[in-house]
Structures are given as C-alpha cells and as structure tokens.
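User: Take me through one part of this model in some depth. Which residues line the second largest pocket? Please put the answer in the context of the whole chain.

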Amino acid sequence: VTAFANNGNLKEWLKKNENQNIPKSFLLKICLGICKGLIFIHNESYLHLDLKTENIFMHDLTPKIGDFGLARKKNSFELKGKICGTFGFIAPEMLD
C-alpha cells in the first residue's frame, strides 16, 4: 500500500513545472530526500531495484519512494544473470 501523494510522481511533477524557475536549492532538497529514503531502505537490508522518477511520489513537495514490486532483501537472491528493472534505469551492476 502506498500513501496518497497529492502532487503525483516526480516525473509528472517535473513535467508540469518544466517552465518554472525552480530554485536549485529546492531540487537539491528533493535529491537529498530521495537519498535519505534509499539510505533507510538499504539500512533495512532491502534493494529497491526499480528506482526511477515514476516511482518517486511527491507529497506536499516531499519525495516518497514507492513501488516496491521488484524490491528484494539483500543477499536473498543472486543478481548475476537476472536483469530486473526498467530499461534505461537499470543499475550497471545488474548488467555484469
């Protein structure tokens, strides 16, 4: 279950605001929020495996990571030979 995001996903939000002069400090705040979310996920021993702008949801201009359909517990599966994620967003280590 994903909490309601009143500003849609990050891809939609960026598209809707592409002609706005968004301060770099605000964009940095979004990036930092995503990084903090990933740190939390990784500290809980999970890998998201499908991180992309469509899976970052904006609620009150705060990024929330969602869509854990491909997420896996660290060390619970073998990465070699398995490609999962969205083409163009696949982590390079998945292609080794």
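Analyst: Starting with the whole chain, the accessible surface of the protein is about 6900 Å² (Shrake-Rupley, 1.4 Å probe), and carbon and sulfur atoms hold 58% of that area. Keep in mind that this is a predicted model, where local features need pLDDT of at least 70 and side-chain atom pairs count only at pLDDT 80 or more, while totals for chains, interfaces and linings use all residues. Residues are numbered from 1 along each chain as its sequence is written, and side-chain values use heavy atoms, leaving out hydrogens and water.

The protein has two helices and four strands (DSSP runs numbered from the N terminus: H or I of at least four residues for helices, E of at least two for strands). Their order from the N terminus is α-α-β-β-β-β. Of the 96 residues, 25% are buried (under 20% relative accessible area with a 1.4 Å probe, protein chains only; over 50% is exposed, in between is partly exposed). Among contacts (heavy atoms within 4.5 Å) with a separation of 6 or more, 59% link residues 24 or more positions apart.

Now the part you asked about. The second largest pocket (an open set of points on a 1 Å grid where a 1.4 Å probe fits, with protein on both sides within 12 Å along at least five of seven lines) has a volume of about 210 Å³, counted as the space filled by probe spheres set on the points, which are joined across faces, edges and corners. Its lining (residues with an atom within 4 Å of a point) is Gly33, Gly37, Phe40, Ile41, Glu44, Tyr46, Thr62, Pro63, Lys64, Ile65, Phe68 and Ala71. Helix H2 (24–43) and strand S3 (62–65) each put at least two residues into that lining. By class, there are seven nonpolar, three polar and two charged residues (Ala, Val, Leu, Ile, Met, Phe, Trp, Tyr, Cys and Pro are nonpolar; Asp, Glu, Lys and Arg charged; the others, Gly among them, polar).

Two of the lining residues, Ile41 and Ile65, also turn up in the largest nonpolar core. That core (buried Ala, Val, Leu, Ile, Met, Phe, Trp, Tyr and Cys joined through side-chain atoms within 4.5 Å) has 11 residues: Leu10, Trp13, Ile22, Phe26, Ile30, Ile34, Leu38, Ile41, Ile56, Met58 and Ile65. Helix H1 (10–16), H2 and strand S2 (56–59) each give two or more, with H2 giving the most, five. In soluble globular proteins, nonpolar side chains tend to be buried together.

Core member Met58 ties back to the pocket. Beyond its neighbours within four places in sequence, Met58 touches Ala5, Asn6, Asn7, Gly8, Asn9, Leu10, Trp13, Ile30 and Pro63, and Pro63 is one of the lining residues. Asn9 sits in the segment before H1 and counts as buried because its relative accessible area is 11%. Its C-alpha is 8.9 Å from that of Lys64, 55 residues away in sequence.

Just ahead of S3, the loop between S2 and S3 holds Asp60 and Leu61. Neither is a glycine, yet phi is positive, about 50 degrees for Asp60 and about 65 degrees for Leu61.

Over by Tyr46, look at Lys74, in the segment after strand S4 (72–73). With neighbours within four places left aside, Lys74 contacts His42, Ser45, Tyr46 and Leu47. Lys74 is partly exposed, since its relative accessible area is 32%.
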